[in-house]
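Here are a few exercises on pockets and charged pairs, each with a worked solution. Have the structure open beside you and try each task before reading on.

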Amino acid sequence: MINEVIITTKKGKRNNKAPIGVYFKDRDKEVVMHLFYGSHTFENMTKEDYFAVNITPPLEIAKAVLDDEDEYDLFKEIPYLKKAQCVKFYRIINRQLITKKDEFGENKLMIIKGEKIGEKILSRDIYIYNRADGLLVETAILYSRLTSKHINMDKNKKNEMIKEICKYFQIIKKVGNKEHKNVAMKIINNLKERYGEMNLEF
């Protein structure tokens with residue numbers, strides 16, 4: 001099962017966060033993730049041996065696709081999010097570079113395998129799931145593909161993805177709270193700047 005989390009890494013003095021799907025193995029003693037070539041996280045993990053898996057409400061996952069700004073703390077020099085409910089810390093024990101062919105063409109991936117070295121429970125508050133949460137995560141996934149410099153797709157595929165985001169946005173406006181709507185609107189505005197020539201209605 002793929003679990004949607006936020007990965008935090010460090011490059012020099014700069015903290016980086018990114019929404020990533022991961023596989024937990026042997027409960028959570030090991031974690032495996034696939035990173036697309038060209039991302040900051042990919043670049044960081046070619047040089048850094050440690051990272052954090054931040055378990056957060058879905059809204060935070062969607063926000064993570066927009067920028068790296070956040071409140072961070074450190075565990076043995078590994079950055080993690082103060083807003084996380086739980087954080088698991090890992091040491092990289094294996095890196096594997098592969099080439100994957102899919103609907104977006106041929107892409108380079110790095111498969112990372114990490115061994116757990118620690119954990120922090122930061123909050124025991126109960127988070128009540130809302131439909132807007134799931135739709136925002138799906139929106140963030142589509143947005144990351146649309147804005148990646150290393151994923152090639154034709155205009156029809158881009159158009160299809162943007163229409164899907166528009167459909168999600170209409171539902172988020174109905175069922176989400178103010179913060180859900182604000183994050184969705186930031187994503188929409190970024191797409192308008194990039195793909196305005198497609199004349200799609202948001």
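The exercises below go through the pockets and then the salt bridges of this predicted model.

**Exercise 1. Find which elements line the largest pocket, and describe the character of its lining.**

Step 1. Start with the space itself: the largest pocket has a volume of about 1,300 Å³.

Step 2. Go to its centre. The lining comprises 40 residues, and P19, I20, F36, S39 and S144 lie nearest the centre.

Step 3. Assign the lining to elements. Two or more residues come from each of β2 (14–25), β3 (30–36), α1 (40–45), α2 (58–64), β7 (86–102) and α3 (131–147).

Step 4. Sort by character: 20 lining residues are nonpolar, 11 are polar and nine are charged.

**Exercise 2. Work out which helix gives the most to the lining of the second largest pocket.**

Step 1. The second largest pocket has a volume of about 200 Å³.

Step 2. List its lining: K17, E60, K63, L66, D67, E69, D70, K83, E179, N182, V183 and K186.

Step 3. Both α2 and α5 (178–195) supply at least two of these residues. The helix asked for is α5, which gives four.

Step 4. Sorting this lining yields two nonpolar residues, one polar and nine charged.

**Exercise 3. Take the salt bridge between K63 and E60 and place it in the structure.**

Step 1. The N to O distance in this pair is 3.3 Å.

Step 2. K63 and E60 are three residues apart in helix α2, so about one helical turn separates them.

Step 3. Apply the burial cut-off of under 20% relative accessible area. K63, at 19%, counts as buried, and E60, at 12%, is buried too.

Step 4. Connect this with Exercise 2: K63 and E60 are both on the list of residues lining the second largest pocket.

**Exercise 4. Determine which parts of the chain are linked by the pairs E115–R91 and K116–D28.**

Step 1. E115 and R91 form a salt bridge at 2.6 Å, N to O. Since E115 lies in strand β8 and R91 in strand β7, the pair ties together parts 24 residues apart in sequence.

Step 2. Both partners are partly exposed, E115 at 34% and R91 at 30%.

Step 3. K116 pairs with D28, with the closest N and O atoms 2.9 Å apart. K116 is in strand β8 (residues 105–121) and D28 in the loop between β2 and β3, 88 residues away.

Step 4. Here K116 is partly exposed at 27%, whereas D28 is buried at 15%.

Step 5. Widen the view: D28, K88, K116 and E119 are linked in a network of salt bridges. The model's count of salt bridges comes to 14.

Methods
Residues numbered from 1 in each chain as written. Predicted model: local features only at pLDDT ≥ 70, side-chain atom pairs only at ≥ 80, totals over all residues. Heavy atoms only, no water. 1 Å grid on protein atoms, 1.4 Å probe; cavity = no way out; pocket = protein on both sides within 12 Å on 5 of 7 lines; lining within 4 Å. Points joined across faces, edges and corners; volume = space filled by probe spheres on them. Nonpolar A, V, L, I, M, F, W, Y, C, P; charged D, E, K, R; others polar. Salt bridge = Lys/Arg side-chain N within 4 Å of Asp/Glu carboxyl O. Buried < 20%, exposed > 50% of the residue type's maximum accessible area, 1.4 Å probe, protein only.
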